[in-house]
Amino acid sequence: MVRRWSVAALAALCGVLIAAARFGDGAPGTAALLLAGFLVLAFVLSPLAFPRSPAASSTGADERPIVYWRPGCVFCLRLRARLGADADRLRWVDIWQDPSAAAAVREITGGDETVPTVVIGGRGHVNPDPSWLRDQIVPATPQA
């Protein structure tokens, strides 16, 4: 559990320390802006920026594609941001929270825990292009 929050906590701690130094130098406005920026960064790097992981990573009746991710992964953040609202159509599974998910990723990638790894229709795709993934999950609109 601690590992999931370590990157976010480090960003927040750095923000507090830098803001305190700037405040001590007599620049409270700059200190406030820096602290706010670091706290936003800490949120983005935290597990809160992603949908909640299901209890069981790769079992169950849920047929949505699975995205294996971990907190602090910039490629996972990029995928999540580029998908926007369409990200809710996927099952996001944190490999640091679910050991069986980490094992599934190692099986797909040949022993590495490379994320994001997306499983669609039983096939694994390592670090897929967000536009390709969006095309896979969003049904085509019918032509009139």
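Two strands count as a pair if DSSP finds at least two bridges between them. With that in hand, the sheet is a good place to start. The structure is a predicted model, and in it 4 strands make up an open sheet in the order 2-1-3-4, with mixed pairing. Strand 2 (91–94) and strand 4 sit at the edges with a single partner strand each, so one side of each has no neighbour in the sheet. On average, neighbouring strands here are turned by 25 degrees against each other, direction ignored. As general background, strands of a sheet pair through backbone hydrogen bonds, either parallel or antiparallel.

Now for a closer look at one pairing. Strand 1 (residues 66–69) and strand 2 run parallel and are joined by 4 bridges. Within this pairing, Ile 66 has Arg 91 of strand 2 as its bridge partner, while Tyr 68 is partnered with Val 93, also in strand 2. The residues of strand 2 point in two directions: Arg 91 and Val 93 go one way, Trp 92 and Asp 94 go the other way, and all of them are buried. What packs on this sheet, touching strand 1, strand 2 and strand 3? That is helix 3 (residues 74–83), whose direction makes about 160 degrees with that of strand 2.

Over at strand 4, Gly 124 gives a feel for an edge strand. Gly 124 belongs to strand 4, and with a relative accessible area of 34% it counts as partly exposed, because that value falls between the 20% limit for buried and the 50% limit for exposed. Setting aside neighbours within four places in sequence, Gly 124 is in contact with Ile 108, Val 118 and Val 119. Gly 124 is also 20 residues along the chain from Ala 104, and the C-alpha atoms of the two are separated by 9.6 Å.

The backbone has a couple of quirks, both in loops. Most residues other than glycine have a negative phi, and most peptide bonds are trans. Asn 127 is not a glycine, yet its phi is positive, at about 45 degrees. Asn 127 is found in the loop between strand 4 (123–126) and helix 5 (130–137), and its relative accessible area of 30% makes it partly exposed. The other quirk is a cis peptide bond between Val 115 and Pro 116, with omega at about 0 degrees. Pro 116 lies in the loop between helix 4 (99–109) and strand 3 (117–120).

Last comes the surface. Which residues form a nonpolar patch there? They are Trp 5, Val 40, Phe 43, Val 44 and Leu 48, and together they have about 460 Å² of accessible area. Helix 2 (residues 28–45) gives the most to this patch, with 3 residues. Val 40 is in helix 2, and its relative accessibility of 53% is over the 50% cut-off, so Val 40 counts as exposed. Phe 43 is in helix 2 too, but a relative accessible area of 43% makes this residue partly exposed. Leaving out residues up to four places away in sequence, Phe 43 touches Leu 48 and Ala 49. Phe 43 and Val 7 are 36 residues apart in sequence, and their C-alpha atoms are 10.0 Å apart in space.

Technical notes. Residues are numbered from 1 along each chain as its sequence is written. This is a predicted model: local features need pLDDT of at least 70, side-chain atom pairs count only at pLDDT 80 or more; totals for chains, interfaces and linings use all residues. Side-chain values use heavy atoms; hydrogens and water are left out. Patches are made of residues with over 30% relative accessible area and no salt bridge: like charges are joined within 9 Å, nonpolar side chains (Val, Leu, Ile, Met, Phe, Trp, Tyr) within 5 Å. Accessible areas come from the Shrake-Rupley method with a 1.4 Å probe; for residues, only the protein chains shown count as cover. A salt bridge is a side-chain nitrogen of Lys or Arg within 4 Å of a carboxyl oxygen of Asp or Glu. Buried means under 20% relative accessible area, exposed over 50%, partly exposed in between (1.4 Å probe, protein chains only). Axes are lines fitted to C-alpha atoms, for helices over the stretch in contact, and angles run from 0 to 180 degrees between N-to-C directions. Contact means heavy atoms within 4.5 Å.
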